Amino acid sequence: RFQLELEFVQCLANPQYLQFLAQQQYFSDPAFLNYLAYLQYWRRPEYAKHLIYPYCLRILELLQYAPFRAACASADTVKFIHSKEFWHWRA
């Protein structure tokens, strides 16, 4: 379970994956939203140290907000997140 949740949380750093989740209506499913809330434990240092893409933690946090979840369906949002991640890693 640890490995599965680790991989899923890190997938949240992928803007195209966020768009897929939004377009497939996952963000409208209360069970899925509860799962995202449950995954907040990854923000604790003893778990976060295992992450390769720590930016996923910020996305996990933002996914707690309905406006952000709705924006994830937009191609403009995907481009914006991608550019922010690109320049973060480039710096």
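Modeller: Buried means under 20% relative accessible area, exposed means over 50%, and partly exposed is anything in between. Keep in mind too that this is a predicted model.

Colleague: Okay, let's start with Glu61. Is Glu61 buried, exposed or partly exposed?

Modeller: Buried stops at 20% and exposed begins over 50%. Glu61 has a relative accessible area of 24%, so the word for Glu61 is partly exposed.

Colleague: Which residue meets Glu61 in a salt bridge while lying with it in helix α5?

Modeller: Start with the helix: the two residues both sit in α5, 3 residues apart, which is about one turn of the helix. Their side chains meet with N and O 3.2 Å apart. The partner is partly exposed, at 40% relative accessible area. That residue is Arg58.

Colleague: Glu61 also has a salt bridge to Arg43, right? How many residues apart in sequence are the parts that this pair ties together?

Modeller: Right, the side chains of Glu61 and Arg43 meet at 3.3 Å, N to O. Glu61 is in helix α5, while Arg43 is in the loop between α3 (30-38) and α4 (45-48), so the pair ties together parts separated in sequence by 18 residues.

Colleague: And which residues are linked in that network of salt bridges?

Modeller: Glu61 has a salt bridge with Arg43 and another with Arg58. Put those together and you get a network made of Arg43, Arg58 and Glu61.

Colleague: How many salt bridges does a search of the whole structure find?

Modeller: We've covered the ones with Glu61, and Glu5 forms another with Arg1, where the closest N and O atoms are 3.3 Å apart. In that pair, Glu5 is buried at 5%, whereas Arg1 is exposed at 69%. Searching the whole structure gives a total of 4.

Colleague: Back to helix α5. Within what arc do its buried residues fall?

Modeller: Helix α5 covers residues 55-62, and its buried residues are Cys56, Leu57, Ile59 and Leu60. Look down the axis of α5 and these residues line one face of the helix, because they fall within an arc of 160 degrees.

Colleague: You mentioned Cys56. How many disulfides does the structure hold?

Modeller: A disulfide is a covalent bond between the sulfur atoms of two cysteines. Here a pair of sulfurs has to be within 2.5 Å to count. For Cys56, the nearest cysteine sulfur is that of Cys11, 9.3 Å away, and for Cys72 the nearest is that of Cys56, 14 Å away. The number of disulfides is 0.

Colleague: Is Cys72 buried or exposed?

Modeller: The limit for buried is under 20%. Cys72 has a relative accessible area of 1%, so Cys72 is buried.

Colleague: Arg69 has no salt bridge. Which residue is its nearest side chain of opposite charge?

Modeller: Arg69 lies in helix α6 (residues 66-71), and it is buried. A salt bridge would need a nitrogen and a carboxyl oxygen within 4 Å. The nearest side chain of opposite charge is 11 Å away, and it belongs to Asp29.

Colleague: Then what does the side chain of Arg69 reach at 2.8 Å?

Modeller: Among the residues that Arg69 touches beyond four places in sequence are Ala22, Phe27 and Leu33. Its side chain reaches the backbone oxygen of Gln64 at 3.4 Å. At 2.8 Å, what it reaches is the backbone oxygen of Leu63.

Colleague: Let's try Tyr26. How far is its C-alpha atom from that of Arg44?

Modeller: Tyr26 is in the loop between α2 (15-23) and α3, and it is partly exposed at 36%. Leaving out neighbours within four places, Tyr26 is in contact with Phe20, Leu21 and Phe32. Arg44 is 18 residues away along the chain, and the C-alpha separation is 25 Å.

Colleague: Last one: how far apart in space are Ile81 and Tyr47?

Modeller: Ile81 sits in helix α7 (residues 75-90) and is buried at 6%. Its contacts beyond four places in sequence include Pro15, Leu18 and Ile59. Tyr47 is 34 residues away in sequence, and C-alpha to C-alpha the distance is 24 Å.

Notes:
Residues numbered from 1 in each chain as written. Predicted model: local features only at pLDDT ≥ 70, side-chain atom pairs only at ≥ 80, totals over all residues. Heavy atoms only, no water. Buried < 20%, exposed > 50% of the residue type's maximum accessible area, 1.4 Å probe, protein only. Helix = DSSP H or I, 4+ residues; strand = E, 2+ residues; numbered from the N terminus. Lys, Arg positive; Asp, Glu negative; His and termini not counted. Polar contact = N/O pair within 3.5 Å; in protein donor to acceptor, adjacent residues only side chain to side chain. Contact = heavy atoms within 4.5 Å. Arc of directions from axis to C-beta.
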